[in-house]
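Reader: I would like to understand how the terms in a structural description are justified. Could we go through them one at a time?

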Amino acid sequence: YVVCELSNELIGINPSSGDILVRFRLTDDSFAGFAAASALRAHPDQTMLAASCRGNDKVVIFGLDASGGVSWRTDHSLPHSYPRDIAFDPAGDALWVAYERSAVISRFQLMSQGKLRHTGDLFLSSPVSICFANSYLQEGTLCPK
C-alpha cells in the first residue's frame, strides 16, 4: 500500500506484478480545499491501515482482510492542524499523531471499528515523525520517556 501526497489517495499494489489493485481518495468529493496525504501505517495485528491527511486534518482508517483486501472504515477529524506522521503504539491500543504546524503530538485510544478517542496531547516544537523503539507505555504514562 502507498499513500500519494499530491493525488491524496491510498493505492493498493500487487507486490509481485506491480498492478494497481485498488484506489481510495482520502477526501470526499465535496472537499474543495488543499489536502495532501502524509503518512500510512499498518496496525500491529495487520487488520487495519491508518492514513493521515494534511489540509483537511483527518486520519482515515481502512480495514484489511486476511487476503490483504482493503475497505474504507471511517475517518476522523483531528483537534489540531497539519498531521505529518502517525504511529500505532506497539500494543496496538492507541494511535499517535504528530502535527507539524501545531507543535503537538496527540494520543488517541483505538476503539471498535477503528474509531478514535482523543486522550491527551504532548506539546513539542514542530514534530514530524514518530517511532516506537521501546515500549514504555506499559508504565501508564502519556508518552515514552
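Reader: In what order do the 3 strands of the open sheet come, and is the pairing parallel or antiparallel?

Author: The 3 strands follow the order E1-E2-E3, and their pairing is antiparallel. Please keep in mind that this is a predicted model, in which local features need pLDDT of at least 70 and side-chain atom pairs count only at pLDDT 80 or more, while totals for chains, interfaces and linings use all residues. Residues are numbered from 1 along each chain as its sequence is written, and side-chain values use heavy atoms, with hydrogens and water left out.

Reader: How do you know that E1 and strand E2 (residues 9-13) pair?

Author: Strands here are DSSP runs of E with at least two residues, numbered from the N terminus, and two strands pair if DSSP finds at least two bridges between them. E1 and E2 have 3 bridges in the antiparallel sense, so the pairing rule of at least two bridges is met. As one example, Cys4 has Glu9 in E2 as its bridge partner.

Reader: What makes strand E1 (2-4) and strand E3 (20-25) edge strands?

Author: Each of these two strands, E1 and E3, pairs on one side only.

Reader: Why is the contact of Phe62 and Trp72 called an edge-to-face aromatic pair?

Author: Rings of Phe, Tyr and Trp (its six-membered ring) pair if their centres lie within 6.5 Å, and planes under 30 degrees apart count as stacked, over 60 as edge-to-face and the rest as tilted. By this rule the count comes to 3 aromatic pairs. For Phe62 and Trp72, the centres are 5.5 Å apart and the planes stand at 85°, so the pair falls within the distance limit and over the angle limit for edge-to-face. The pair links distant parts of the chain, with Phe62 in strand E6 (residues 58-64) and Trp72 in strand E7 (residues 70-77), 10 residues apart.

Reader: Why is Phe62 called buried, and what is Trp72 called?

Author: Buried means under 20% relative accessible area, exposed over 50%, and partly exposed in between (1.4 Å probe, protein chains only). Phe62 has 0% and is therefore buried, whereas Trp72 has 36% and is therefore partly exposed.

Reader: How do you know that Trp96 and Phe132 form an edge-to-face pair?

Author: Their ring centres are 6.1 Å apart and their planes 65° apart, so both values satisfy the rule for edge-to-face pairs. Trp96, at 3%, is buried, and Phe132, at 19%, is buried because its value is under the limit.

Terms used. Helices (H or I, at least four residues) and strands (E, at least two) are DSSP runs, numbered from the N terminus.
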